[in-house]
Amino acid sequence: MEKKKKNNWFLKIIGVLFVIYLSLTIAINTGYYEAKVNEKTVVTEENMRKFEEDVKNGREVDIKDYISDTTKDYASNTSKAGIKVASVVEKFMAEGINEMIDVLKKLFT
């Protein structure tokens, strides 16, 4: 009789964690994370000078008045499809990580 190979769950979990680590490392090194964090928070030099002048003159300042929306829409059908695929993958990965954490909690509790 041949013995069936047992599934090595430990190696599978380590493999999945490595893939997650690799994807997060790539996202951070390519600037994806910083771009998401700093979206629509651009202060131009002109607005910075205006802000400093308003502070010197004692005017009431609101940061919303000095942030410029410099994003341009370069969207095409290809980029829109890429964005949709990326958001689906992002959602899938987030849910997968949450499920992985739940499985690990059940294993170690």
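What share of the 109 residues of the protein chain counts as buried? The answer is 6%. Keep that figure in mind as you move through this predicted model.

**Stop 1: the whole chain**

Start with the protein chain in cartoon view. You will find four helices and zero strands, so the pattern along the sequence reads α-α-α-α, with each helix counted as a run of at least four residues. Switch on the surface next: the accessible area of the protein chain comes to about 10500 Å², and carbon and sulfur atoms account for 60% of that area.

**Stop 2: colour by confidence**

Now colour the model by pLDDT. The protein chain has an average of 80, and 80% of the residues score at least 70. Where is confidence lowest, and where is it highest? Select helix 2 (residues 32-37) for the lowest mean, 67, then helix 1 for the highest, 88.

**Stop 3: along helix 1**

Stay with helix 1, which covers residues 9-29, and pick out V19, one of its residues. Next, show F18, Y21, L22 and I26 together with V19: these residues make up a nonpolar patch on the surface. Together they offer about 520 Å² of accessible area.

**Stop 4: a charge over a ring**

Select W9 and K12 and show their side chains. Which part of K12 sits over the ring of W9? It is the charged end of K12, placed 5.0 Å from the centre of that ring. If you go looking for aromatic pairs elsewhere, a search of the whole structure finds zero of them.

**Stop 5: the salt bridge**

For the last stop, select D54 and R59. The structure holds one salt bridge, and R59 forms it with D54. Draw a distance between their closest N and O atoms and you should read 2.6 Å.

Are these two partners buried or exposed? Try showing the surface around each one. D54 counts as buried because its relative accessible area is 9%, and the cut-off for buried is under 20%. R59 counts as partly exposed because its relative accessibility is 48%, which falls between that cut-off and the 50% above which a residue is exposed. The bridge therefore joins a buried D54 to a partly exposed R59.

Methods
Residues numbered from 1 in each chain as written. Heavy atoms only, no water. Phe/Tyr/Trp six-rings, centres within 6.5 Å; stacked < 30°, edge-to-face > 60°. Lys NZ or Arg CZ within 6 Å of the ring centre and 35° of its normal. Patch = residues over 30% accessible without salt bridge, like charges linked within 9 Å, V, L, I, M, F, W, Y side chains within 5 Å. Areas by Shrake-Rupley, 256 points an atom, 1.4 Å probe, with all protein chains shown as cover. Salt bridge = Lys/Arg side-chain N within 4 Å of Asp/Glu carboxyl O. Helix = DSSP H or I, 4+ residues; strand = E, 2+ residues; numbered from the N terminus. Buried < 20%, exposed > 50% of the residue type's maximum accessible area, 1.4 Å probe, protein only. pLDDT = per-residue confidence, 0-100.
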